[in-house]
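Me: I should like to learn how to read the general features of a protein model and then those of a single residue. Could you guide me through one case?

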Amino acid sequence: MPVLPSVAVVILNWNGKSFLEKFLPSVCRSTYGNLQLVLADNASTDDSVAFVAQHYPQIRIIRNASNDGFAGGYNDALQHVEADIYVLLNQDVEVEPGWIEPVVALMESDARIAACQPKMRAYQQPDEFEYAGAAGGWMDILGYTFCRGRILYTTEKDKGQYDDVKDIFWATGAALFIRSACFHQVNGFDRDFFAHMEEVDLCWRLQRAGYRICYCPDSRVFHVGGGSLPQGNPRKLYLNFRNNLMMLWKNLHSEDRWIVLVQRFFLDILAGIKSLVAGKPKDMAAIYRAYKDYYRWRRNYKRNDHLPEMKLMKMKGVFHGIMIWRYYFLKHKKFSELI
């Protein structure tokens, strides 16, 4: 009988006792046969670690010395985890008992599949796709990210329309299956990102390294979302804008970098003006600060990934158009209308 690949579900925690109380029971009911559960704590100040140690002795606890965000927290913790496949799971996700098996089977079918995500539905509206991952992440030619089942803030009901295995551009960090060897081959997450967009950057680098990113509809998870930073928070907006620009500078083919970033600059100015007109000056300030810090980062950045350049148009999960144009001006609110 073949040996099952070893899987480590690693939950990154920061002051998340309420989520752990609610969602750890579902994770512990996972039926996969070669599984370890790990809590990676980002220097929490609540009693979440003590709670897990007392009530879930089967869960290994790794204590990070400081809170270095999603990117740094996972990078540090995964240095101490041995498994064939890591599953990076948010603390606010409920899973079904057999959620691991279909994804592992898909990844085992092709060694080129480096990362994969399950179908992600909303915990509060379980018949709808959830913002953070839905049915797999895509990106347009200017770096705007969206999902099958979610474009900007419009989510679709799950009617089985995305029940096909599909190559995607990025897999959500809220429930990310990734081969450990591939994760370390491309040096994991970029610590400079802290949080947000780090999984998109990682998946882009994996594609540049010749791997596939896939979506597995036979696995379902339910995500609360916004557990650390809710939608509309200026800090979240800042990180999304700054990290997206950093990601583009790092990964775009040198022939495309300037033309894409110039177009993004003018569109982001419009986004800032729109925020101001809408009475959200803090959002405009967040966009300004994102650009300021991006330019500071870029002056000191030295490319060191040693990965081949690849034209965005040749990658999987890329929309060969501008998503926001279709969404706002042509009123294409669904993925099926956009693609």
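Reply: The following turns go from the whole chain to one residue. Please keep in mind that this is a predicted model.

Me: What does the radius of gyration of the protein say about a compact globule?

Reply: One compares the value with that expected for the chain length. A compact globule of 339 residues would have a radius of gyration near 20 Å, and the protein agrees because its value is 19 Å. The C-alpha trace spans about 55 × 40 × 40 Å along its principal axes.

Me: How many helices and strands does the protein have?

Reply: The secondary structure comprises 11 helices and 14 strands. In addition, an unreviewed UniProt entry annotates residues 9-145 as "domain: Glycosyltransferase 2-like". That stretch is 28% helix and 30% strand, and its end C-alpha atoms lie 26 Å apart.

Me: What share of the contacts in the protein with a separation of 6 or more joins residues 24 or more positions apart?

Reply: Such pairs account for 77% of those contacts. As for burial, 55% of the 339 residues are buried.

Me: Is Tyr327 buried or exposed?

Reply: The test is relative accessibility, with buried meaning under 20%. Tyr327 counts as buried because its value is 8%. This residue belongs to helix α10, which covers residues 323-328.

Me: Which residues does Tyr327 touch, not counting those up to four places away in sequence?

Reply: Tyr327 touches Ile151, Leu152, Tyr153 and Thr154, together with His332 and Lys333. By contact one means heavy atoms within 4.5 Å.

Methods
Residues numbered from 1 in each chain as written. Predicted model: local features only at pLDDT ≥ 70, side-chain atom pairs only at ≥ 80, totals over all residues. Heavy atoms only, no water. UniProt positions renumbered as here; feature names shortened; annotations may be inferred. Helix = DSSP H or I, 4+ residues; strand = E, 2+ residues; numbered from the N terminus. Buried < 20%, exposed > 50% of the residue type's maximum accessible area, 1.4 Å probe, protein only. Rg over C-alpha atoms; globule rule 2.2 N^0.38 Å.
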